[in-house]
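User: Please take a close look at how the interior of this model is packed. Go through it piece by piece, and tie the pieces together where they share residues.

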Amino acid sequence: MALLSMRNVSAAFGGPSVLDGIALQVEAGDRLCLMGRNGTGKSTLMKLISGELVPDGGEITRQQGLRVALVSQEVPQGLAGTVFDVVAEGMGDAARLLAEYHHVGFRLASEGGEELLQRLATLQKALEDAGGWSLHQEVERVLGRLSLDPDAEFATLSGGTKRRVLLARALVAAPDILLLDEPTNHLDIDTIVWLEEFLLKDVKTFVFVTHDRAFARRLANRVAELDRGRLYAFVCGYDTFVERREALLEAEIARQALFDKKLAQEEAWVRQGIKARRTRNEGRVRALKRMREERRQRRERTGQVRMQLQEAERSGNLVVEAEGVSFAYEGRPVIRDLTTTIVRGDRVGIIGPNGAGKTTLLRLLLGELVPQAGTLKLGSRREVLYFDQLREQLDPDKTVQENVGEGNDAVIINGKSRHVIGYLQDFLFTPERARTPVRILSGGERNRLLLAKLFTRPSNVLVMDEPTNDLDAETLDLLEELLLEYSGTLLLVSHDREFLNNVVTSTLVFEEEGVVREYVGGYDDWLRQARAVAPAEAPARSAPVKQRVRTEKPRKLTFKEERELEGLPDRIAELEGEQAELHRRLSDPEFYRTAGAEVAKLNERLAELETELAEVYLRWEELETIRG
């Protein structure tokens, strides 16, 4: 039995339905990734699953005693006290006793006193009576697993550590389904990788919303996409989901084009019929009316962002040259002995944990800070455009239009005048949305607005500090394409591994306190190069083992293995043929009209085929390696 089932669930907030008759099941062991454009209703769906919202229509069935915990996208307001206090709140009614017991114990350890000792004994008895003693141990166990200091004040923590505390608060309730809404936002790469490992190892069933493609690829064994109020679920990983979604969209475009063509023909027929005949085929007229209504109710896909960068006159070939540059704050080294040269056209990624000094490095490279040691040479004719991660260039009290137009009704884009409202529509802001104050915008909308504001200015050096937070996957793809076509110089701080891999040509990596090393390529290239360096630095005692491996005589394939290797190409062709046929059936819209439960069976078979193909390819490579 499914842990949770949704049937024909709908939700609306005064306009078109955010969720329009969706169906979804969550089974034990699911790692379900929920995808969709900004504003499609993903957070609404998560709140329906958690029970925080009630649907306008439909039915949600939960397994008896089901426990669900939600880690929301933003840190809730009003949380105070120690880490232990905040985490203990996840225990429900026992939270007050647990928090007071921990608080009195902390005071007793530091202050002593008979009165505190008696109070602690009273609380311990109350906890035992309420069955809360085991809950206290559970809080301490979860805090240990997540490496959290129970006595730290929650308000003083960094954003990433606060997110970890909220995860602990959800986990102490031992939820059957853990809900994570944009869990990687504002986390550095090290913390994101830790979170991936933790979820895979310690959490059985979870549903998560993310725009981090690498995160989704690593974790998801199912993917569901919200699009125009409908939910499309796939039993597969992220990469296969992308392929199937594209096939479905192509089929939808072809079906709608055929429908529109037929509608145009029927409209022409009815106009001709009025002139040529007094009586008409009334059944055909009624069918035409139904087609008109169907076309009227069609919900079109949200348009794509249309972005273009304005490029200034080319900078000099040298953009910045650093030689032995160092910088420290209050005696703590942030940059030590950095030597690098950045020339026109370079796309440089900057990687490091939160607080390492990435923004300081940017300010040094831009000449905003003077190095305390070493020399820094800045190039000529630099026109710098800066995308700051705090979005401080936006005035929250002004409207979207006022932020971009800066008092004018028009902006100049590549030498041509455009009305601000029309320009903002390229960034998916409707005229009504353009007249709203910035403070009510979502995180994704603020990011798009800052891009719109910055791209009204020409540049030849583009500095982007965490531009990918809250942007949906489609806008990320477009931003990637834009940056790849940009002929100027790019300095990019990002924790999005996929984005770094796709965009940058080199990386500056904070590896030790103040030590920044330079590597060719993106995030994955850095990992490969770092691993290649590690064996050379290994202890000398490993050398005899390596020598022994080299001198071992390679074995040959057995007769049975030779026959197996000969048959593998045919087996691969057979599996790929079945896979292609299943993809064809699942991309046919007519199939879904009568398929019923067969859809789930075909998706399960596709997942099996992917596993079989991976195993067969691995075996082929293994046998080919032995044969030499």
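Analyst: A nonpolar core is a set of buried Ala, Val, Leu, Ile, Met, Phe, Trp, Tyr and Cys residues joined through side-chain atoms within 4.5 Å. Buried here means under 20% relative accessible area. The model is predicted.

Start with the largest core. It has 44 residues, and Leu167, Leu178 and Leu199 touch the most other members. Helix 6 (residues 159–171) gives the largest share of this core, 6 residues. Which residues does leucine 167 contact, leaving aside its neighbours within four places in sequence? They are Val71, Leu146, Leu178, Leu180, Trp194, Leu195 and Phe198. Another core, of 42 residues, lies apart from the largest one. Val420, Ala434, Leu449 and Trp526 are among its members.

Tryptophan 194, a contact of leucine 167, also has a charged neighbour. Arginine 164 lies over the face of its ring, at 4.1 Å from the ring centre. Phenylalanine 429 has a similar arrangement: the charged end of arginine 448 sits over its ring, 5.2 Å from the centre.

Now the aromatic pairs. The structure holds 8 of them. One is edge-to-face: phenylalanine 208 and phenylalanine 215 are 5.6 Å apart centre to centre, with 90° between the planes. Phenylalanine 208 counts as buried because its relative accessibility is 0%. Phenylalanine 215 is buried as well, with a relative accessible area of 0%. The pair of tyrosine 523 and tryptophan 526 is also edge-to-face, because its planes stand at 65°; the ring centres are 5.7 Å apart. These two residues are 3 places apart in helix 18 (residues 523–536), so about one helical turn separates them. An α-helix has 3.6 residues a turn, so residues three or four places apart point the same way. Tyrosine 523 and tryptophan 526 are both buried. Back at phenylalanine 208, the grouping extends beyond a pair: Phe206, Phe208 and Phe215 form one aromatic cluster.

Next, the sheet. It is open, with 6 strands in the order 15-19-20-13-21-22 and mixed pairing. Strand 15 (384–387) and strand 22 (515–520) are the edges: each has a single partner strand, so one side of each lacks a neighbour in the sheet. The twist averages 15° from one strand to the next. Strand 15 runs parallel to strand 19 (residues 461–465), joined by 4 bridges. Valine 384 stands opposite valine 461 there. Helix 15 (residues 443–454) packs on the sheet and touches both strand 15 and strand 19. The helix direction makes about 170° with that of strand 15.

Strand 13 (residues 347–351) has a partner on each of two sides in the strand order. It runs parallel to strand 20 (residues 489–493), with 4 bridges. Its pairing with strand 21 (residues 506–512) is parallel too, again over 4 bridges. Isoleucine 350 takes part in both: it stands opposite valine 493 in strand 20, and its bridge partner in strand 21 is leucine 508. How many of the 5 residues of strand 13 are buried? The count is 5 of 5. Arg347, Gly349 and Ile351 point one way, Val348 and Ile350 the other way.

Helix 11 (residues 358–365) is mostly covered as well, with 6 of its 8 residues buried. Those are Lys358, Thr360, Leu361, Leu362, Leu364 and Leu365. Glycine 367 follows helix 11, with a positive phi near 85°.

Conventions
Residues numbered from 1 in each chain as written. Predicted model: local features only at pLDDT ≥ 70, side-chain atom pairs only at ≥ 80, totals over all residues. Heavy atoms only, no water. Phe/Tyr/Trp six-rings, centres within 6.5 Å; stacked < 30°, edge-to-face > 60°. Buried < 20%, exposed > 50% of the residue type's maximum accessible area, 1.4 Å probe, protein only. Lys NZ or Arg CZ within 6 Å of the ring centre and 35° of its normal. Pairing = 2+ DSSP bridges. Axes fitted to C-alpha atoms, helices over the stretch in contact; angles between N-to-C directions. Contact = heavy atoms within 4.5 Å.
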